[in-house]
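Please open the structure in your viewer and keep the selection panel at hand. The tour below goes from stop to stop, saying each time what to select and what can be found there.

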Amino acid sequence: MANSKHAKPTPRTRETKKRASNERTFDITRRQFLIGAGVVGAVLAVGGGTYYVTESNKDTSGQTKLKVTQDQVIKIDDLELVDDISEFLKVEREVTLDYNTLIHSNDSEMLSLLESTGEGSPLFHACAFSLASGNKSVLLSGPVTDKPRFDIFDFKTNSSGSVWVESNVFTGENIVYTCEANSDNSTNAIVAMTLGADKKMPQIIACDDYAWIQTSPSEGNSGKEELWRIKFGESGSSAEKIMETKAFATAPSWTKSGIVVTPRNENTLASYDIRLLDATSAQIKDICSLQQSMKPQDVSWGNSGFSFSFQGSYEVGEGISQVGTYAQTNIGNKLASEDNASRDARNENLSEQTWLSFNREPTCAPAWIGDYIAFKSTSSVAIVDPKTKKYAAIKADDGADDYGVWLISRGDCDRLVTIQNINYTPLSGDPIKECQLKVWVA
């Protein structure tokens, strides 16, 4: 799940093919490799002379990638640390939840909770939590599937409705349900999609009036990865396939401005796009195309534009190529349309912007609150003001789990949400085992 705090991300590896001993080798520069087939020349021998003919008429539109120099990047180590977090944010609300409650943000006004029942079945209660009032309401006390061994494994809700996945881990079956808001989820759940063992557990988000479902083949099965959309409460026959791709780099991500997805670029090999999609029209509102071979771990979009993270370093990319999280500090020019020329122009403009580098091992996407950007650090959450080049830290309390303060919010938000799971026994007193949720305002 999106905020599984105990599953520490591990570096991705790429398979390499062994070359046969009799296979011919070619010496090419990295620049030649990146340029690719668009400028490959044909060698012709005419009357004993050699002539190089360049294929100059090949269409290269849509192939422009983000490329930023070192002097366009501001590093967190270059900023001034402010000791008092209250100069940036103040706590609006503090709530105690059950230890290890799984929490997601898909709405400006509420959170999605999966609370452990402490039993074998059902595993979770699915709840909605109001950020304004602090009230929690149980929407599902268990799975609705009328089959044995199914349980709720993912749940997202917003002010328009809910979407959740019920899975049978023994058979690999997955059923996606939706329900409109202000309706009894347990009795009015509608099946949006049924997936067999040939598919992995789908990744879901809620955005405005729709549930978004990202699917991919299970190990050993071939096929495209797909992104679907369906209105809350509608039958599966009305599901709309938004796109298909060879692979998505990440799960879809919610922001107030839409959803962020990471399909493979259609025009170049082994390159990923980060796209902001409009929640209503599903059209591309913004795009950032990464250099070949770069695969982001987490992505988002906020008040100043895109953010993405790498868990490994790359030899390409210049200013944006190292381990850590990168975020735009200036929005730049808007994407004019979805055509390739507009995409190229947007990537050229992104390559002219200033970027912020949070060079710590990434674990989750950042969030924007007003002019500030929040980054998850090793055990704290850093609140950065790119304009003043200052930052402060939300620090973990004594007894917090190793990851310390966890960032729940992502994308642009009106309130910032953090949690910490506490599990310790004071020298004098009873054991403490709880999840402390804090709601922050600028």
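Begin by selecting Gln328 together with Trp355, which is the bridge partner of Gln328 in strand E25. Keep in mind throughout that this is a predicted model.

Now widen the selection to strand E24, residues 324-328, and show it beside E25, since these two strands pair in the antiparallel sense over 4 bridges. Next, add strand E3, residues 73-75, which pairs with E25 in the parallel sense over 3 bridges; within this pairing, Ile74 has Leu356 as its bridge partner in E25.

With the partners in place, select E25 itself, residues 355-358, and show its side chains. Are its two faces covered or not? Both are covered, for Trp355 and Ser357 on one side are buried, and so are Leu356 and Phe358 on the other.

The next stop is an enclosed space: a search of the whole structure finds 1 cavity of 30 Å³ or more, and the largest cavity holds about 50 Å³ of space. To see its lining, select Ser105, Asp107, Ser108, Leu111, Leu131, Trp254, Ser409, Asp412, Cys413, Arg415 and Val417. Sorted by class, this lining has 5 nonpolar, 3 polar and 3 charged residues.

Finally, select two cysteines, Cys127 and Cys435. Cys127 counts as buried because its relative accessibility is 0%, which is under the 20% cut-off, and Cys435 counts as buried because its relative accessibility is also 0%. How many disulfides does a search of the whole structure find? The search finds 0 disulfides.

Conventions. Residues are numbered from 1 along each chain as its sequence is written. This is a predicted model: local features need pLDDT of at least 70, side-chain atom pairs count only at pLDDT 80 or more; totals for chains, interfaces and linings use all residues. Side-chain values use heavy atoms; hydrogens and water are left out. A disulfide is a pair of cysteine sulfur atoms within 2.5 Å. Buried means under 20% relative accessible area, exposed over 50%, partly exposed in between (1.4 Å probe, protein chains only). Two strands pair if DSSP finds at least two bridges between them. On a 1 Å grid over the protein atoms alone, a cavity is a set of points where a 1.4 Å probe fits but cannot get out, and a pocket is an open set with protein on both sides within 12 Å along at least five of seven lines; lining residues have an atom within 4 Å of a point. Grid points are joined across faces, edges and corners, and a volume is the space filled by probe spheres set on the points. Ala, Val, Leu, Ile, Met, Phe, Trp, Tyr, Cys and Pro count as nonpolar, Asp, Glu, Lys and Arg as charged, and the others, Gly among them, as polar.
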